[in-house]
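Have the model open in a viewer with side chains available for display. The stops below begin with charged pairs and end in the nonpolar interior.

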Amino acid sequence: MYFAALLARTEDGWEASDTELDEVETLADLADLAREAAEDDEPVLVCIEQEGAWFGVVRVEGEEDPRIFVSDAAAAARSSYGEILLTDELLGREPDEREDLDLLVDLDGTEDGEPEQALDDEEDEDGTAGADTLPAGPVGDAGLLADFGLDEKVLLSLTSEDALSEIADALGCTDMLEAVR
């Protein structure tokens, strides 16, 4: 189960609303959803929490690229909503340059009769995990809420169970967030 809320800054303060992410398939879709809730070019925060396992915050302002923070990349990667936030750029890896048709050529993961290998369990020759291993910890822009009174250290110390409440408290919209929960 997940909970998602939009926190939109208005001239009267912050306005909270819950949102469904069923139609959101990409980060661009999520940013468009946030921009629709924006008043002028004021910031909008999309807050996502998944079963107390992880939380994410996406900050969208005008047409700027979204700023993203995810509390636990490894946990978020097991969620379809988390996967939306875990972009190649956020994770510091090169985008997959293969074309969609190239992905369909060898559906079983083998080539020229080579045996299948579990890609997730592969290790490099030195015994370390492969490059696609995600950190079991925070990734992204931990300073995205600093100008609203929630500095990096505080954001990094939040647990998934109380994160959205703490963020709403820092923004002064706790009652509004609780009303949409």
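This is a predicted model, and a search of the whole structure finds 8 salt bridges. Three of the pairs are visited here, followed by the cores.

**Stop 1: helix α1**

Select Asp-32 and Arg-35 and show their side chains. They meet in a salt bridge, with N to O at 3.6 Å. The two residues are 3 apart in helix α1, so about one helical turn separates them. Arg-35 is partly exposed, at a relative accessible area of 22%; Asp-32 is also partly exposed, at 41%. Now add Glu-63 to the selection: Asp-32, Arg-35 and Glu-63 are linked in a network of salt bridges.

**Stop 2: Arg-59 and Glu-61**

Select Arg-59 and Glu-61 next. Their closest N and O atoms are 2.7 Å apart, and the pair forms a salt bridge. Is Arg-59 buried or exposed? Arg-59 is buried, with a relative accessible area of 4%. Glu-61, in contrast, counts as partly exposed at 22% relative accessibility.

**Stop 3: strand β5 and a loop**

Move to Arg-67 and Asp-141, whose side chains meet in a salt bridge of 2.7 Å, N to O. Arg-67 is in strand β5 and Asp-141 is in the loop between β6 (139-140) and α6 (152-157), so this pair ties together parts that are 74 residues apart in sequence. Both ends are partly exposed: Asp-141 has a relative accessible area of 26%, and Arg-67 has 30% relative accessibility.

**Stop 4: the largest nonpolar core**

Hide the charged side chains and select Leu-21, Leu-30, Ile-48, Val-58, Val-70, Leu-85 and Leu-86. These are the residues with the most contacts inside the largest nonpolar core, which has 28 residues. To see where the core draws its members from, colour by secondary structure. Strands β1 (2-10), β3 (44-50), β4 (54-60) and β5 (67-70) are among the elements that each supply at least two residues, and so are helices α1 (27-37), α2 (73-76), α3 (80-85) and α4 (88-91).

Within this core, centre the view on Val-70. Which residues does Val-70 touch, not counting those up to four places away in sequence? The contacts are Trp-54, Phe-55, Gly-56, Ala-76, Leu-85, Leu-86, Leu-90, Gly-137, Pro-138 and Val-139.

**Stop 5: the second core**

Finally, select Leu-45, Phe-55, Ala-142 and Leu-171. They are included in a second, separate core of 25 residues. Phe-55 belongs to this second core, and it is also one of the residues that Val-70 touches.

Conventions
Residues are numbered from 1 along each chain as its sequence is written. This is a predicted model: local features need pLDDT of at least 70, side-chain atom pairs count only at pLDDT 80 or more; totals for chains, interfaces and linings use all residues. Side-chain values use heavy atoms; hydrogens and water are left out. A nonpolar core is a set of buried Ala, Val, Leu, Ile, Met, Phe, Trp, Tyr and Cys residues joined through side-chain atoms within 4.5 Å. Buried means under 20% relative accessible area, exposed over 50%, partly exposed in between (1.4 Å probe, protein chains only). Helices (H or I, at least four residues) and strands (E, at least two) are DSSP runs, numbered from the N terminus. Contact means heavy atoms within 4.5 Å. A salt bridge is a side-chain nitrogen of Lys or Arg within 4 Å of a carboxyl oxygen of Asp or Glu.
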